[in-house]
Amino acid sequence: MLGHEFEAVQNKKLVDFVNMLDVEEKPILRSKRPATLAIQTQKRQRGEYYYFRRNGSSFPVSVTVTPVIIDDELVGTIEVFRDITRERTNEQDLQKFQRAVAEASDHVVITDPEGKIIYMNSAAEKITGYSQQESLGKKAGSNALWGGLMGKDFYQEFWSTIKKVKKSFTGVIKNKRKDGQIYDAAVSVSPILDNRGNVQFFVGIERDVSKELAIDRAKTEFVSLASHQLRTPLSAINWYTEMLLAGDAGKLNKEQRSFLDEIYHSNQRMVSLVNSLLNVSRLELGTFMVEPEKTDICEIADSVIGELQPQIKKKNQVFTKKYEKKIQKILLDKKLIRMVIQNLLTNAVKYTKDTGKVTLAITQNKKDLLLSVSDTGMGIPKSQQSQIFKKLFRADNVREADTEGTGLGLYIVKAIVAGSGGTVRFESEENKGTTFFVTIPLTGMAKKEGTKTLA
Ligand code: ADP
């Protein structure tokens, strides 16, 4: 280990051929060396040092020097040393990790399986305003500290995810600083499991996202305002075009009529885009109202089908409706549920070629109503299925086919259905067809005060 030949050091004192440093890598006095101390005190000495090899390189060692005493007389010492380079490296790596966590700019908290804090880093102290000392042993996320502001359902889902399912939980929550200020935090809490799969502790990482959310809100407010302002001139174009087409300003020749038809049609598209943008912003800002009343969903569906008849006829499609006999009336906002059905049926008709089939089925389960809209159309490419509910997303196949659309319809559908406690999903195969499934709980939509209705 030291690089010395036995013959060369035989009968020599260790101190004469092994140079050493103390644990802080500073030179050490001969009188303080463990062997000297063992001889002086006649007691075993233990410690960690650096030894030099014959080639001048040094390495960390753990040393034990035991005095050998026979008949009360010190006859020598036994020195045992172990190269601890690997332990040192592991320890240094661990220290690096600890420093990285301590200095990280995100709030990091470690809790025991009950959620009681056993560690928090300085960012957590800075963001929440609570010191580690006053937080230790208290429950993270309780109102004794910065949490406890979310509803019962939230905490149920939170604990079930991290403790029962043993998966990470991510989401945005409201927290309260020590000074009372409320802020939004993006959180991710992960259970750390032992070899047997039991939760050893939880690691929670949070980031104050209040600023980002405020910017998002400002952007949405801008879109809302701009779309609202755009509606007035668009309505004017609509009226005047309709008047011209009706011959109110004199008879039109063929070319004039065809140009005006073009203007009218493009304007309609613009109105529909602006209305969709306005709806998206109202859904995001939460300013829309929900006014539920006992509603026969089949009646609403029939009225949407009626409205779509011209397109269905034009494309020579086979439209089938299958309503279960006893569909109960439930509390629904007529305008909102109409928007859901309208978007799904319009898509089915729009993305299905001439002579294709579109089917609407409504059934009642124990706890919810199930709507399914199937078509034999172009389908959604597998690789893009995960993006279909995203704002403004349109799949490549429908864009190539030159169909009209804004990519906002399904985003709106999802927001309305999720807001009603329901679900929406689909199954699709390219060039074969698509089926969308929507469930709405029989308990219906909850009333919501608001200043705006959806357009
Ligand atoms: P768009 O205005 O483009 O129809 P949507 O939000 O309603 O916007 O739909 C988003 C995208 O989802 C569509 O552009 C299309 O790619 C795909 N999609 C929706 N419904 C269908 C369907 N029935 N068949 C095939 N693709 C569909």
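Three exercises on a predicted model follow, each with a worked solution.

Local features need pLDDT of at least 70, side-chain atom pairs count only at pLDDT 80 or more, and totals for chains, interfaces and linings use all residues. Residues are numbered from 1 along each chain as its sequence is written, and side-chain values use heavy atoms, with hydrogens and water left out.

**Exercise 1. State which domains the protein is assigned and how far apart the centres of domain 2 and domain 3 lie.**

Step 1. The bounds come from an automatic or database domain assignment. They are 6-88 for domain 1, 104-208 for domain 2, 213-285 for domain 3 and 293-441 for domain 4.

Step 2. Between the C-alpha centres of domain 2 and domain 3 there are 48 Å.

**Exercise 2. Describe the shell around the ligand and its polar contacts.**

Step 1. Count a residue as near if one of its heavy atoms lies within 4 Å of the molecule. The shell holds 20 residues, of which Asn347, Tyr351, Arg394, Thr406 and Leu410 come nearest.

Step 2. Assign secondary structure from DSSP runs numbered from the N terminus (helices: H or I, at least four residues; strands: E, at least two). At least two shell residues each come from α11 (334-350), α13 (409-419) and β16 (433-441). The largest share, 3 residues, belongs to α11.

Step 3. List the polar contacts (here, pairs of N or O atoms within 3.5 Å). A ligand nitrogen is 2.8 Å from an N or O atom in the side chain of Asp375. A ligand oxygen is 3.2 Å from an N or O atom in the side chain of Lys350, and a ligand oxygen is 2.7 Å from a polar backbone atom of Leu410.

Step 4. The ligand taken alone exposes 530 Å² (Shrake-Rupley method, 1.4 Å probe), and the protein buries 98% of that area.

**Exercise 3. Characterise the second largest pocket by its volume and lining.**

Step 1. A pocket is an open set of points on a 1 Å grid where a 1.4 Å probe fits, with protein on both sides within 12 Å along at least five of seven lines. The volume, filled by probe spheres set on the points, is about 450 Å³.

Step 2. Lining residues have an atom within 4 Å of a point. There are 30 of them, and Ala140, Gly141, Ser142, Phe158 and Trp159 are closest to the pocket centre.

Step 3. The largest share of the lining, 6 residues, comes from α7.

Note on methods:
Polar contact = N/O pair within 3.5 Å; in protein donor to acceptor, adjacent residues only side chain to side chain.
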